[in-house]
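Me: I've got a protein fold on my screen and I'd like to learn how to read it. Can you walk me through it, one feature at a time?

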Amino acid sequence: MRLRGVGYVVASLPLPGKEQAKLERTQGNQAGGAGARGGCVELTNHSPSTIAAVTRGRNACTCKDAAVKLTVIGCSPAWPNPGGAQSGYLVESEQSLLLDCGPGVLSRLREQTGAWPEAWPEPDSIAITHFHLDHWGDLVPWVWGWIHANGLGGNHDRPELWVPPNGKQRLEVFGSELGFPDMFERVFRISEYAPGVPFTTAGHTITAARMPHYTVESYGFRVSANGSTLAYSGDSAPGQHLSDLARDVDLFVCEATLSTGDRDGEPRGHLSLDEAQEAFEGSGARRLLITHRPSELDTPAHFELASDGLVLEIL
Ligand SMILES: [Zn+2]
């Protein structure tokens with residue numbers, strides 16, 4: 001199954017060798033720069049046929065020689081940027097893994113997979129960082145569309161869904177309010193991850209680390225496959241935990257919701273751009289991708305900023 005929609009702007013940024021990247025980052029830091037940036041940066045409109053759709057198992061990644069491909073499905077903060085989708089990051093190696101599923105993400109995935117019911121999005125697995133709506137809300141319409149396509153019975157191959165501790169019970173409560181108690185279990189094979197305990201799903205190894213995010217139980221992920229590792233902050237207050245999460249990864253996808261840290265609540269729950277940069281510098285990560293950023297805020301050009309539809313090949 002291939003992308004049918006057009007208009008995705010794809011930044012295909014082959015990374016240089018690890019040593020060269022570290023050198024470039026050091027030089028960039030010395031010059032007051034932001035994240036590591038590859039030497040050959042190319043911004044291009046890919047033909048839809050070059051991008052794999054969200055297809056379970058086979059042909060999940062068509063990137064030549066790419067260990068892992070990351071597609072930013074949606075990168076808006078807790079409110080949508082104009083025309084934007086909220087949190088959703090598709091990680092593909094041999095299989096596909098969706099990190100978070102906020103409002104607008106399902107619509108974007110459906111643009112890729114085509115008409116219902118034959119082509120309902122089929123990631124092999126979905127992992128949710130926390131239960132703020134902008135990170136999981138589209139699981140609700142996902143249930144309704146999937147049931148329309150497949151019915152309530154049968155042995156359809158359901159995607160895995162990994163949720164924080166006690167997430168099964170929380171989904172049952174949400175289901176009781178929004179539909180029926182086992183509505184999510186009907187559609188997803190639900191498991192709960194545990195802090196610091198690696199688990200494998202869709203061919204990717206994930207370790208979830210607790211992130212401070214106001215009073216909400218929230219996690220960041222380290223995701224590894226085929227020798228490449230990315231870290232995803234989810235939503236987080238500043239601190240050493242972020243650098244630990246992203247220690248020596250190939251790509252650090254880090255939120256920067258705030259203009260300045262003093263605009264946050266108490267306890268803290270989000271990052272400013274400076275705080276994201278500080279976490280990156282302390283991590284040894286090769287490359288920083290800023291996300292969850294309101295479009296109203298300035299982002300200096302030396303930061304690499306996520307946009308919906310952005311595709312990165314992590315070599
Ligand atoms: Zn959020």
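Reply: Sure. Keep in mind that this is a predicted model. Let's begin with a pair of residues: V72 stands opposite Y89 in β4.

Me: How do the strands around that pair run, and how many bridges join β3 and β4?

Reply: Here's the general idea: strands of a sheet pair through backbone hydrogen bonds, either parallel or antiparallel. In this model, β3 and β4 are antiparallel, with five bridges between them.

Me: What does β3 pair with besides that, and in which sense?

Reply: Strand β3, residues 68-74, also pairs with β15, in the antiparallel sense and over four bridges. You can find two of the matched positions yourself: T71 is opposite V311 of β15, and V68 has I314 of β15 as its bridge partner.

Me: In what order do the strands of that sheet come?

Reply: Read across the sheet, the order is β8-β7-β6-β5-β4-β3-β15. That makes seven strands in an open sheet with mixed pairing. Its edge strands are β8 (189-192) and β15 (311-314), each of which pairs on one side only. From one strand to the next, the twist averages 20°.

Me: Is β3 covered or uncovered?

Reply: A general point about strands helps you look: in a regular strand the side chains alternate between the two faces of the sheet. As for β3, it is mostly covered, and seven of its seven residues are buried.

Me: Which helix lies across β3?

Reply: Look for α2, residues 105-113: this helix lies across β3 and β4 (88-92), at about 120° to β3. There's another helix to spot at β8: α5 (residues 167-178) lies across β7 (160-163) and β8, and runs at about 130° to β8.

Me: Which residues of α2 are buried, and why do they line one face?

Reply: In general, an α-helix has 3.6 residues a turn, so residues three or four places apart point the same way. In α2 the buried residues are V105, L106, R108, L109, Q112 and T113. Viewed down the axis of α2, these buried residues fall within an arc of 160°, so they line one face of the helix. They pack against β3, β4 and α4 (139-150). Just after α2 comes G114, with a positive phi of about 90°.

Me: Now hairpins. What should I look for around β11?

Reply: Start with β10 (residues 204-213), which runs antiparallel to β11 and is joined to it by nine bridges. One bridge links P212 with E217 in β11. This hairpin has two residues between its strands, and Y214 takes a positive phi near 50°. Next, β11 pairs with β12 (residues 228-232), again antiparallel, over five bridges. There, F221 is opposite Y232 in β12. β11 and β12 make a hairpin too, with two residues between them, and N226 in the turn has a positive phi of about 50°. As for covering, eight of the ten residues of β11 (216-225) are buried.

Me: And the nonpolar core: which residues have the most contacts inside it?

Reply: The general idea is that in soluble globular proteins, nonpolar side chains tend to be buried together. Here the largest nonpolar core has 71 residues, and L230, A231 and F252 have the most contacts inside it. Setting aside neighbours within four places in sequence, F252 is in contact with residues including A231, A246, F280 and L288.

Me: What does the chain come to overall?

Reply: The protein chain has seven helices and 15 strands. Of its 315 residues, 49% are buried.

Conventions
Residues are numbered from 1 along each chain as its sequence is written. This is a predicted model: local features need pLDDT of at least 70, side-chain atom pairs count only at pLDDT 80 or more; totals for chains, interfaces and linings use all residues. Two strands pair if DSSP finds at least two bridges between them. Axes are lines fitted to C-alpha atoms, for helices over the stretch in contact, and angles run from 0 to 180 degrees between N-to-C directions. Two residues are in contact if their C-beta atoms, placed from the backbone, lie within 7 Å. A residue is buried if 20 or more other C-beta atoms lie within 10 Å of its own, exposed if 12 or fewer, and partly exposed in between; C-beta atoms are placed from the backbone. The arc is that of the directions from the helix axis to the C-beta atoms. A nonpolar core is a set of buried Ala, Val, Leu, Ile, Met, Phe, Trp, Tyr and Cys residues joined through C-beta atoms within 7 Å.
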